[in-house]
Protein chains: 2
Amino acid sequence: MEDQATKITGGVATGSSGRPYAQSLQRLRAVGLRPTRQRLALGRLLFDTGCDRHVTAETLHEEAVRHGAKVSLATVYNTLHQFTDSGLLREVVVDCGRAYFDTNVSDHHHFFHEDENKLEDICASGVAVSGLPTAPEGSEVSRVDIIIRIKGKRA
Amino acid sequence: MEDQATKITGGVATGSSGRPYAQSLQRLRAVGLRPTRQRLALGRLLFDTGCDRHVTAETLHEEAVRHGAKVSLATVYNTLHQFTDSGLLREVVVDCGRAYFDTNVSDHHHFFHEDENKLEDICASGVAVSGLPTAPEGSEVSRVDIIIRIKGKRA
DNA sequence: GCCCTTTCTTGACTTTTTCTAAATTGGTCG
DNA sequence: CGACCAATTTAGAAAAAGTCAAGAAAGGGC
């Protein structure tokens with residue numbers, strides 16, 4: 001594991017804190033995005049924690065700055081969109097005037113806690129939708145989004 | 001039908017074009033909103049055509065102005081939200097930075113034509129979703145939105 | 001018709017996102 | 001290694017959508 005990380009990191013600066021960009025770097029390579037400082041830093045925040053995340057440009061930028069990364073908000077927007085286009089992220093629309101990005105790109109749905117403006121994943125396995133009409137001729141379904149809006153205190 | 005319309009219209013100005021506000025007026029009365037000129041005009045555009053509509057504040061405002069109604073955009077926003085709160089409209093979020101309002105408030109879902117930014121209703125009867133987890137304790141489902149995003153030319 | 005309250009309007013303002021032009025960086029080639 | 005070119009980043013301006021506030025106007029009960 002450590003060997004692998006070291007190898008992959010290669011000539012890229014890993015910073016004094018070790019080689020924490022390994023996974024992020026792998027992902028960027030995989031989709032053909034040039035691994036710049038900013039993309040590596042954002043990728044690390046998004047993917048290297050292991051757990052799935054739901055961020056907005058604002059929250060991710062804030063988090064990056066808090067962690068000492070020098071990234072502008074515009075770059076965060078660019079990066080989120082590039083990651084989305086590359087399939088590393090999924091954009092979830094729940095709320096007018098705020099875009100959420102989900103690190104979980106597998107097939108799944110969402111709870112949206114309206115009181116807290118928080119998303120929660122619902123694994124799609126087990127969820128079945130039947131009876132939907134077929135898409136009009138010549139068009140193709142790009143995605144089916146199911147959002148369950150929830151009000152009230154959380155358990 | 002004509003009698004009824006005349007009766008209901010009562011003392012309210014119906015304009016020289018007849019009594020076209022009848023249905024709109026009824027709806028406002030039903031939900032306890034004071035039937036002002038602006039609300040009547042917008043209600044007419046929304047409800048009196050008979051068919052279901054999907055509008056944004058922008059498009060409705062434009063339409064109202066085109067029809068000679070003197071309404072400000074802020075009033076259109078206010079009215080759309082009041083109508084939504086009263087259950088006359090349903091808000092549909094498909095697209096970041098643009099709120100759609102649907103005159104069809106019955107239980108149904110949507111196609112969203114990504115290329116044209118157009119919504120299309122899907123009748124919910126026949127559509128069944130199974131396997132969804134229950135809402136967390138203490139919270140209440142306020143709505144389940146199913147949006148089928150479609151790419152490509154329309155039939 | 002009068003008065004009180006609700007509603008409407010205008011215009012400024014906020015928030016989120018995009019754009020632009022200049023500066024910087026990554027990767028390549030010699 | 002050093003120069004170079006194209007991709008990327010940046011700051012700040014600008015756009016787009018929606019909200020807010022204060023005064024003006026209009027409903028509706030009397």
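# A guided tour of two chains and two DNA strands

The largest share of the surface near DNA strand C, four residues, is supplied by H5(B). Before you select it, a word on the model and its labels. This is a predicted model, in which local features need pLDDT of at least 70, side-chain atom pairs count only at pLDDT 80 or more, and totals for chains, interfaces and linings use all residues. Residues are numbered from 1 along each chain as its sequence is written, while chains are lettered from A and ligands numbered from 1 in the order in which they are written. Helices (H or I, at least four residues) and strands (E, at least two) are DSSP runs, numbered from the N terminus.

**Stop 1: DNA strand C**

Select DNA strand C and the residues around it. It is surrounded by 27 residues, and the closest are A:Ala99, B:Thr36, B:Ser72, B:Ala74 and B:Thr75. Here a residue is near a molecule or strand if its C-beta atom, placed from the backbone, lies within 6 Å of it. Colour H4, H5 and E3 of chain A, then helix H3 (37-47) and H5 of chain B: these are the elements that give two or more residues to this surface. By class, the surface near DNA strand C has ten nonpolar, ten polar and seven charged residues. In this count Ala, Val, Leu, Ile, Met, Phe, Trp, Tyr, Cys and Pro are nonpolar, Asp, Glu, Lys and Arg are charged, and the others, Gly among them, are polar.

**Stop 2: DNA strand D**

Now move to DNA strand D. Which residues are the closest to it? They are A:Thr36, A:Ser72, A:Thr75, B:Ala74 and B:Ala99, out of 26 residues that surround the strand. Highlight helix H3 (37-47) and helix H5 (73-85) of chain A, along with helix H4 (57-66), helix H5 (73-85) and strand E3 (98-102) of chain B; each supplies at least two residues of the surface near DNA strand D. H5(A) gives the most, with four residues. The surface near DNA strand D divides into nine nonpolar, ten polar and seven charged residues.

**Stop 3: helices around H3(A)**

Hide the DNA and keep H3(A) in view. Two packed helices are described by the angle between their axes and the distance between the axes. The axes are lines fitted to C-alpha atoms, for helices over the stretch in contact, and angles run from 0 to 180 degrees between N-to-C directions.

Start by adding H5(A). H3(A) and H5(A) pack at about 70°, and their axes are 10 Å apart. That makes H3(A) roughly perpendicular to H5(A), a term for angles of 65 to 115 degrees, with those under 35 counting as roughly parallel, over 145 as roughly antiparallel and the rest as oblique. To see where they meet, show A:Gln38, A:Arg39 and A:Leu42 in H3(A) with A:Thr75, A:Val76 and A:Thr79 in H5(A). Residues are in contact if their C-beta atoms, placed from the backbone, lie within 7 Å.

Next, bring in helix H4 (residues 57-66) of chain A. Its angle with H3(A) is about 110°, with the axes 10 Å apart. H3(A) is therefore roughly perpendicular to H4(A). Look for A:Ala41, A:Leu42 and A:Leu45 of H3(A) meeting A:Leu60, A:Glu63 and A:Ala64 of H4(A). This contact has five nonpolar, no polar and one charged residues.

Finally, add helix H2 (residues 22-31) of chain A, which packs with H3(A) at an angle of about 110°, the axes being 8 Å apart. H2(A) and H3(A) are therefore roughly perpendicular to each other.

**Stop 4: where the chains meet**

Bring both chains back. How many residues does the contact take from each chain? It takes 37 residues from chain A and 37 residues from chain B. On the chain A side, strand E2 (90-95), strand E6 (128-130) and strand E7 (140-151) each supply at least two residues. E7(A) gives the largest share of that side, twelve residues. The chain A side has 19 nonpolar, eight polar and ten charged residues.

Zoom in on E7(A) and strand E7 (residues 140-151) of chain B. These strands run antiparallel and are joined by eleven bridges; strands pair if DSSP finds at least two bridges between them. Click on A:Ile150 to find B:Val141 of E7(B) opposite.

**Stop 5: a sheet in chain A**

For the last view, select the open sheet of three strands in chain A, in the order E1-E3-E2 with antiparallel pairing. Strand E1 (54-55) and E2 are the edge strands, each pairing on one side only. Four bridges join E2(A) to strand E3 (residues 98-102) of chain A. End at A:Glu91, whose bridge partner in E3(A) is A:Phe101.

Definitions and conventions: Two residues are in contact if their C-beta atoms, placed from the backbone, lie within 7 Å.
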